[in-house]
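Could you walk me through this model in my viewer, one selection at a time? I would like to know what to pick next and what I will find there.

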Amino acid sequence: METNEILKAIKIKNYVIKLCKKVGKIILGAGDKVNFDQKTNARELVTKYDKQVQDYLESKLSKKYPEINFLAEESDDLGNVDVNNGEFFVIDPIDGTSNFIHNLKHSAISVGYVKDGEILLGVVYNPYTKD
């Protein structure tokens, strides 16, 4: 990896951590009772908070890094993305949605950065423990 790529990845990592800490407040503000929908089956759950967290992350990241594409769990085009070509943010807005729905405080915001099929960084932030 070239020096420029390393510096870019470090800047991205620091920015993603900052965003995750901010957007974690959405998760913390959800309360004890969270409504949900099923996506494709009974084990694939989604809440309005998943969508809010993903929308926030995509909005902020696309403004700062317009050249980077997205592969995000709550998007409709997951099957149409080739992460082997180009740069991507990979987002799971609430990793552990089932735990989140049942108010088990073991969920995280996960954001990765991939370039030409190589994972360059990953940030996993648990808003409950602030880790």
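**Stop one: the positive patch**

Happy to. Keep in mind along the way that this is a predicted model. Start by selecting Lys11, Lys18, Lys22, Lys25, Lys60, Lys63, Lys64 and Lys130, which form a positive patch on the surface. Now colour helix H1 (3-28) and helix H2 (48-64): each of them supplies at least two residues of this patch. Which helix gives the most to the patch? The answer is H1, with 4 residues.

Zoom in on Lys25, which lies in helix H1. Is Lys25 buried or exposed? Its relative accessible area is 61%, and the cut-off for exposed is over 50%, so Lys25 counts as exposed.

**Stop two: from H1 to strand E5**

Next, turn to the charged pairs. Side chains of opposite charge can pair when their charged atoms come close. Here the count comes to 3 salt bridges.

Select Glu5 and Lys115 to see one of them: their side chains meet with 2.8 Å from N to O. Glu5 sits in helix H1 and Lys115 in strand E5, so this salt bridge ties together parts that are 110 residues apart in sequence. Check the surface around both partners. Glu5 has a relative accessible area of 24% and is partly exposed. Lys115 is partly exposed as well, at 25%.

**Stop three: the network around Lys8**

Stay with helix H1 and select Lys8, then add Glu67 and Glu87. These three residues are linked in a network of salt bridges, and you can follow it one contact at a time.

Begin with Glu67 and Lys8, whose side chains meet in a salt bridge of 2.9 Å, N to O. This pair links distant parts of the chain, with Glu67 in the loop between H2 and strand E3 (69-72) and Lys8 in helix H1, 59 residues apart.

Then move to Glu87 and Lys8, where the N to O distance of the salt bridge is 2.8 Å. Since Glu87 belongs to strand E4 and Lys8 to helix H1, the pair ties together parts that are 79 residues apart in sequence.

With a surface switched on, how do the members of the network compare? Glu67 is partly exposed, at 41% relative accessibility. Lys8 is partly exposed too, with a relative accessible area of 23%. Glu87, at 14% relative accessibility, counts as buried, because the cut-off for buried is under 20%.

**Stop four: the aromatic cluster**

For the last stop, hide the charged side chains and show the rings. How many aromatic pairs does the structure hold? There are 5. Select Phe89 and Tyr113 to look at one of these pairs: the rings are tilted, 5.9 Å centre to centre, with 45 degrees between the planes. Phe89 lies in strand E4 (residues 87-95) and Tyr113 in strand E5 (residues 108-115), so the pair ties together parts that are 24 residues apart in sequence. Both Phe89 and Tyr113 are buried.

Finally, add Tyr15, Tyr65 and Phe70 to the selection. Together with Phe89 and Tyr113, they are linked by ring pairs into a cluster.

Technical notes:
Residues numbered from 1 in each chain as written. Predicted model: local features only at pLDDT ≥ 70, side-chain atom pairs only at ≥ 80, totals over all residues. Heavy atoms only, no water. Patch = residues over 30% accessible without salt bridge, like charges linked within 9 Å, V, L, I, M, F, W, Y side chains within 5 Å. Areas by Shrake-Rupley, 256 points an atom, 1.4 Å probe, with all protein chains shown as cover. Salt bridge = Lys/Arg side-chain N within 4 Å of Asp/Glu carboxyl O. Lys, Arg positive; Asp, Glu negative; His and termini not counted. Charge placed at Lys NZ, Arg CZ, Asp CG, Glu CD. Buried < 20%, exposed > 50% of the residue type's maximum accessible area, 1.4 Å probe, protein only. Phe/Tyr/Trp six-rings, centres within 6.5 Å; stacked < 30°, edge-to-face > 60°.
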